[in-house]
Amino acid sequence: MTTTTFWRQSGVAGILVAATMAVNAQSQTNQASDIAVPAELESQYQAALDARANGDLYGSIDQLNSLLTQNPNLHRARLEMAVAYYRASMYEEATAQARQVLSNPNTPEEVRETIELFLEQLESIRIASQDNRHSWTTSVSMGGGYDDNVNAGPASESVDVNGLSYVLDPEDGEQSDAFASISGRVNHSYRMPGTANIGSRPVQMLWQSSGSIYRKEYQDEHAFAVDVVSVSTGLALISRTNWRAKIDVKADYVRLGDDALALYTSLNPSYTWVSGKNEYTLQGQWMYREYMKEEDADREGERFLLGFDYTRNINRDLALKFGLSAYEQEGRVEHEQFDVQSTYVSGVWTAWNGGAVYARISYRETDYEGLEPVFNDGREEDETRYVVGASHNFRSGAMQGWGLGLRASYSDNESNIGIFEYERNLVSLDLTKRF
């Protein structure tokens with residue numbers, strides 16, 4: 001919500017509060033009128049107002065509805081309920097309550113004028129809200145870099161197989177190459193009318209969708225060129241208090257070289273709790289990996305993941321993040337099934353106007369089921385990865401709307417089976433335009 005929108009909405013609510021004050025003044029001079037709150041209902045009426053003041057809009061509405069059930073002509077309660085509906089972004093309900101008071105012949109003239117002004121401004125906000133339910137963002141990115149181990153080749157030229165040492169063909173070792181990349185992304189968000197009654201405060205509902213395409217082409221090692229097309233859609237919930245949640249379905253289509261590799265389909269729920277400068281996120285994932293080529297068919301199967309992230313916003317310029325996750329990957333054969341546990345710690349520092357630097361260290365442990373073919377041994381791996389980078393968003397001048405990013409990473413993968421051990425360095429530079 002923008003500052004202008006906040007003050008506009010606060011002003012509209014204030015108009016109707018003024019109407020209730022006028023009704024209150026009228027009731028004090030005419031206790032026989034049906035606009036006065038009976039003494040036996042005064043405490044319930046005040047409790048409803050207190051609930052609204054504390055942000056419990058739906059609780060306030062329920063209490064005011066109870067009052068109106070007992071006394072349908074209690075206009076003060078009906079106008080207060082219109083304010084609660086309005087603050088919950090339930091504009092049609094707010095309008096209905098205000099119009100009911102307006103249509104009553106016993107409503108004082110000065111109150112009528114205030115209600116008519118409220119309805120007029122409420123309608124303009126409702127129309128503006130309806131016109132701005134859809135939002136779109138797009139971006140395109142171009143870049144390039146250098147990879148000193150494109151094929152994740154083993155660090156050693158010799159491999160031990162069942163006690164015998166073999167020298168690898170040079171083409172099976174580390175292959176370095178330069179690459180270029182290009183990507184595009186489209187995001188769409190639809191803000192649903194009204195709010196949801198979840199918890200004590202209103203919850204905004206959004207339907208969010210995105211689509212992206214990415215290509216990474218190596219200069220010489222074309223067999224390792226990667227194409228990824230992704231689409232996702234799902235529901236997001238944003239509370240006006242301190243939490244948010246979402247669940248979406250996603251599909252990733254992957255090509256390697258000139259061939260289709262796989263289609264990954266996933267369901268991704270998450271929940272974030274915000275407490276002061278701290279954020280706690282619990283996330284899950286169900287994924288099915290479907291491979292297109294017969295030689296990869298044994299890798300097909302489901303994945304079940306559970307993860308936790310903690311973010312500490314030290315100040316407006318510095319944030320630290322820590323995470324843990326674990327997942328189980330199924331496969332058609334035992335040696336393609338494995339369990340993964342991983343952890344990471346990262347930090348982002350807004351070092352200058354429009355620019356930031358970041359660093360991340362991650363560790364992943366993978367335990368495979370069964371015995372690895374040929375080597376006749378159970379496979380275990382530990383990967384440590386270090387990433388550093390910087391980004392800058394141009395906010396003025398000829399480059400306004402563009403962003404520049406520099407990233408470097410180092411990976412060290414250790415394994416009890418030598419052919420799966422490797423080291424890898426990667427450096428990239430990207431230029432992104434956002435619309």
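Hi everyone. Let me start with a definition: a contact here means heavy atoms within 4.5 Å. With that in hand, look at the protein chain in this predicted model. Among its contacts between residues at least 6 apart in sequence, 57% join residues at least 24 apart.

A few overall numbers next. The chain has 435 residues, and 39% of them count as buried. It exposes about 23,300 Å², with carbon and sulfur atoms supplying 54% of that area. As for secondary structure, you'll find six helices and 17 strands.

Let's go to the strands, and please rotate along with me. Strand β1, residues 134–147, runs antiparallel to strand β4, residues 177–191, and 14 bridges join them. If you'd like a landmark there, take Ser141, whose bridge partner in β4 is Ser183. Now stay on β4, because there is another pairing to see: β4 also pairs with strand β6, residues 202–218, again in the antiparallel sense, over 13 bridges. Here the landmark is Arg185, whose bridge partner in β6 is Ser212.Now for the helices. How do α3 and α4 pack? Helix α3 covers residues 57–70 and helix α4 residues 75–87; their axes lie 9 Å apart at an angle of about 155°. Angles over 145 degrees count as roughly antiparallel, so that is how α3 and α4 are oriented to each other. Their crossing is left-handed. On the α3 side, the contact includes Leu57, Ile61, Leu64 and Leu68. From α4, the residues making the contact include Ala77, Met81, Ala84 and Tyr85.

That's my tour, thanks for listening!

Technical notes:
Residues numbered from 1 in each chain as written. Predicted model: local features only at pLDDT ≥ 70, side-chain atom pairs only at ≥ 80, totals over all residues. Heavy atoms only, no water. Helix = DSSP H or I, 4+ residues; strand = E, 2+ residues; numbered from the N terminus. Buried < 20%, exposed > 50% of the residue type's maximum accessible area, 1.4 Å probe, protein only. Areas by Shrake-Rupley, 256 points an atom, 1.4 Å probe, with all protein chains shown as cover. Pairing = 2+ DSSP bridges. Axes fitted to C-alpha atoms, helices over the stretch in contact; angles between N-to-C directions. Parallel < 35°, antiparallel > 145°, perpendicular 65-115°, else oblique. Left-handed = near helix turned anticlockwise from the far one by under 90°.
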